[in-house]
2 protein chains.
Amino acid sequence: MPISKLKQSKERREHLLECSLQLFVEKGYFNTAIRDIIAESGVGTGTFYNYFIDKEDVLKALLDGFAETIINGIKDYYIVEESIPERFIETKRITMEIFAQNEKLSEIYSRVAGASAPIDQCIKAFEDKLIGFYSGNIEYGIRKGVFKLIPVAPIAHSILATEKFLLYKWVVLKDITKEEMINMVVSFHETLAVGLLRNP
Amino acid sequence: MPISKLKQSKERREHLLECSLQLFVEKGYFNTAIRDIIAESGVGTGTFYNYFIDKEDVLKALLDGFAETIINGIKDYYIVEESIPERFIETKRITMEIFAQNEKLSEIYSRVAGASAPIDQCIKAFEDKLIGFYSGNIEYGIRKGVFKLIPVAPIAHSILATEKFLLYKWVVLKDITKEEMINMVVSFHETLAVGLLRNP
């Protein structure tokens, strides 16, 4: 494909994703039909199916891009901060800020889990990507002798679990403010970090 | 009310709750109507409304009883184990065993969150009860000088968040076994406990 065509194709996919996200937030994921997405985006029916198989495929693409954004945000921080304990704590602040900046997508993520098997698989792909990345970072700290040799998977799961739970308290329940959400996630990791460190 | 009447009333409420839970699992919470509960339990329509306002009220009662079961299970362990660090870790094993023994209720809990505001409030009441109890136990450890003076709420939230997330991985996704779920929750708390202890 020539570069201009490729760019156009990418932009069209991005446009479809943006319209979908808008509709998922306005009408709810379950009340949005593919024909709504097609109408909102102004593309032909065939065009939609050039990019996506079904609605779950759109959700999957949205969450996949979201995981990339979070991981890239963390990687950017790694360039400026070398201390492993500092990274362990401060990257959680960055993660929660990215969740907060992408409020619409955060709300979809927080609301749709448990509803059906295909949706659960979309959520699982998103979460597995993050858990895998978190695990890699903890393993790096172990290899460098900064962290103790502890089982990594339970810690990586607890990190995402805590982020997810406090995100839900903010974005769905409105029970805590954005600042409280961020501060609670960071505070938890300050305590947890002591349990991880070889020499606290 | 005479004792025999009171007993009959309690038993009838219990019977309605059991029938509801059965239906919620078989048909899904959202596909179960109050008339289904009435038909399944064989009581009159008026009888149902003597005990519950609506379907959310049934869910609330089920989750409320579930929280009591978990808290009582933990309290029973406190009678046999005095060590605060040991309690901090081992009560998580007990909690996850209670979740596992009540698989139906665990599945409802894991599936319904985020679907509607009234349901979110049922879930929140259940979770607040557990988080409040967990907080009280950590505060006790701080008062006794066993735990450091750390912010309690983030830790209490991370405990429930991790339990909830790994429960979901077992009961909804079937991605881990019951034993893996329990072991991961316990392992996480072993690491976290070191971060809490004044003298690890």
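**Pockets, a cavity and salt bridges in a two-chain model**

The largest pocket takes up about 540 Å³. Its lining counts 29 residues, and those closest to the centre are Phe30(A), Arg111(A), Ala115(A), Phe30(B) and Ala115(B). Both chains contribute: α1 (3–27) and α6 (103–112) of chain A, along with α1 (3–27) and α6 of chain B, each give two or more residues to this lining. Sorted by class, the lining holds 16 nonpolar, 6 polar and 7 charged residues. All of this comes from a predicted model, and the values below do too.

The second largest pocket holds about 360 Å³ of space. Of its 17 lining residues, Glu14(B), Leu17(B), Ala61(B), Leu62(B) and Gly65(B) sit closest to the centre. Here α1, α4 (55–80) and α6 of chain B each bring in at least two lining residues, with α4(B) giving the most, at 7 residues. The class split for this pocket is 6 nonpolar, 3 polar and 8 charged.

Next come the enclosed spaces. Searching the whole structure turns up 1 cavity of 30 Å³ or more, and the volume of the largest cavity is about 270 Å³. It is lined by 13 residues, and nearest its centre lie Ala113(A), Lys164(A), Ser110(B), Ala113(B) and Lys164(B). At least two lining residues apiece come from α8 (152–171) of chain A and from α6 (103–112) and α8 (152–171) of chain B. The lining is made up of 9 nonpolar, 2 polar and 2 charged residues.

Lys164(A) turns up again among the salt bridges, where it pairs with Glu127(A), the closest N and O atoms being 2.7 Å apart. This pair ties together distant parts of the chain, with Glu127(A) in helix α7 (residues 117–143) of chain A and Lys164(A) in helix α8 of chain A, 37 residues apart. Both Glu127(A) and Lys164(A) are buried.

The salt bridge between the side chains of Lys7(A) and Glu11(A) (3.8 Å, N to O) is a local one by contrast in sequence: the two residues are both in helix α1 of chain A, 4 residues apart, or about one turn of the helix. Lys7(A) has a relative accessible area of 53%, so it counts as exposed, while Glu11(A), at 47%, is partly exposed.

In chain B, the side chains of Asp36(B) and Lys27(B) also form a salt bridge (3.7 Å, N to O). Lys27(B) is partly exposed, with a relative accessibility of 37%. Salt bridges also link Lys124(A), Asp128(A), Lys169(B) and Asp175(B) into a network. Over all chains, the search finds 24 salt bridges in the whole structure. As a general point, side chains of opposite charge can pair when their charged atoms come close.

How are the two chains arranged? Chain A superposes on chain B after a rotation of 180° with 0.0 Å of shift along the axis, giving an RMSD of 0.0 Å. The two copies are therefore related as by a two-fold rotation axis. Gly195(A) is the residue of chain A that comes closest to this axis, with its C-alpha at 2.1 Å. As for the interface, 97% of the interface residues of chain A are interface residues in chain B as well, so the copies meet through the same surface.

Technical notes: Residues are numbered from 1 along each chain as its sequence is written. Chains are lettered from A and ligands numbered from 1 in the order in which they are written. This is a predicted model: local features need pLDDT of at least 70, side-chain atom pairs count only at pLDDT 80 or more; totals for chains, interfaces and linings use all residues. Side-chain values use heavy atoms; hydrogens and water are left out. Copies are superposed by least squares on the C-alpha atoms of residues with pLDDT of at least 70 in both. Contact means heavy atoms within 4.5 Å. On a 1 Å grid over the protein atoms alone, a cavity is a set of points where a 1.4 Å probe fits but cannot get out, and a pocket is an open set with protein on both sides within 12 Å along at least five of seven lines; lining residues have an atom within 4 Å of a point. Grid points are joined across faces, edges and corners, and a volume is the space filled by probe spheres set on the points. Ala, Val, Leu, Ile, Met, Phe, Trp, Tyr, Cys and Pro count as nonpolar, Asp, Glu, Lys and Arg as charged, and the others, Gly among them, as polar. A salt bridge is a side-chain nitrogen of Lys or Arg within 4 Å of a carboxyl oxygen of Asp or Glu. Buried means under 20% relative accessible area, exposed over 50%, partly exposed in between (1.4 Å probe, protein chains only).
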